[in-house]
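Colleague: Could you take a close look at one part of this model for me, a single strand and whatever surrounds it? I would like a connected account rather than a list.

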Amino acid sequence: MARGSSGIVAGLTAAAIVAVGFLAYQASANAPDSVAAPTATASSSAPADSHARPKDKKHPFAVPADSGTGARVVYALGDRRVWLVDAKGRATRTFAVMPSALNPRPGKYKVTSRSGSIRGSDGVQIEHVVRFAMADGNVPVGFSAAQDGSMKSPDPTLKTGGVRMGRKDGNAMWTFATVGAVVVVVP
């Protein structure tokens, strides 16, 4: 192959990848909600990889409408996203999270305990742990940040309840969600 033709092949390959990506996006954006994506189940052992489409297509990072009122933490299982919402109902911060292997059922909870720095049930050193629910009867569920900054998918063979976030988001959660703070989990 001539030197110039390898550049053409690389360019055509890149263009094809972009076109396929665009077509996939367009198909998912125009698919009916009933077939677009599986929805998260209400099971306390719902898989961590279940992912639903954002609730508001025009404002995908808007606080979910079915999440209550007042100051609260909103955790959308399907969107893998958390909102810190002030007393007037405005999101002061939103960020992506990595769900735990076990998920709490949708509903309203309160922060029950916090830990500054501990080793997680998966062996990872974590900080700013904010616990708010139980899954499968005896597995505590809480938000935390890995001290090494990682947000790896949980090992599905372990019964873990750690919802991981970035360290800056963990700091914001720690400041916002004191014991007794409301946490609303939505599908």
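Modeller: What follows is a walk through strand S1 and its surroundings, beginning with the sheet and ending at the helix that packs against it. Please keep in mind throughout that this is a predicted model.

The sheet that holds S1 is open and has five strands in the order S3-S2-S1-S9-S4, with mixed pairing. Its edge strands are S3 and strand S4 (107-110), each of which pairs on one side only, and neighbouring strands are turned against each other by 20 degrees on average, direction ignored. In general, strands of a sheet pair through backbone hydrogen bonds, either parallel or antiparallel, and S1 takes part in both kinds of pairing: with S2 in the antiparallel sense over five bridges, and with strand S9 (residues 182-186) in the parallel sense over four bridges. The two ladders can be followed from individual residues, for Ala76 stands opposite Arg81 in S2 and also has Val186 in S9 as a bridge partner, while Tyr75 stands opposite Val185 in S9. S1 and S2 form a hairpin with four residues between them, and within that turn Arg80 has a positive phi of about 55 degrees.

How many of the residues of S1 are buried? The count is five of its five residues, so the strand is mostly covered, where buried means under 20% relative accessible area. In a regular strand the side chains alternate between the two faces of the sheet. Here both faces of S1 are covered, with Arg72, Val74 and Ala76 buried on one side and Val73 and Tyr75 buried on the other.

Tyr75 deserves a closer look, since at 0% relative accessibility it counts as buried. The model has three aromatic pairs, and in one of them the rings of Tyr75 and Phe143 have their centres 5.7 Å apart and their planes at 75 degrees, so this pair is edge-to-face, the cut-off for that class being over 60 degrees. The pair links distant parts of the chain, with Tyr75 in strand S1 and Phe143 in strand S7, 68 residues apart. Phe143 is likewise buried, with a relative accessible area of 0%. A further pair joins Phe132 and Phe143, whose ring centres lie 4.8 Å apart with planes at 20 degrees, so that pair is stacked. Phe132 lies in strand S6 and Phe143 in strand S7, eleven residues apart, and both of these residues are buried. Ring pairs link Tyr75, Tyr109, Phe132 and Phe143 into a cluster.

The remaining neighbour to consider is helix H3 (residues 167-176), in which Asp169, Gly170, Ala172 and Met173 are buried. Seen down the axis of H3, these buried residues fall within an arc of 160 degrees, so they line one face of the helix. An α-helix has 3.6 residues a turn, so residues three or four places apart point the same way. On the other side of H3, Lys168 and Thr175 are exposed. The buried residues of H3 pack against several strands, including strand S1 (72-76), strand S2 (81-85), strand S6 (125-135) and strand S7 (139-146). S1 is thus a strand with buried residues on both of its faces, paired with S2 on the antiparallel side and with S9 on the parallel one, and packed against by the buried residues of H3.

Terms used
Residues numbered from 1 in each chain as written. Predicted model: local features only at pLDDT ≥ 70, side-chain atom pairs only at ≥ 80, totals over all residues. Heavy atoms only, no water. Buried < 20%, exposed > 50% of the residue type's maximum accessible area, 1.4 Å probe, protein only. Arc of directions from axis to C-beta. Contact = heavy atoms within 4.5 Å. Phe/Tyr/Trp six-rings, centres within 6.5 Å; stacked < 30°, edge-to-face > 60°. Pairing = 2+ DSSP bridges. Axes fitted to C-alpha atoms, helices over the stretch in contact; angles between N-to-C directions.
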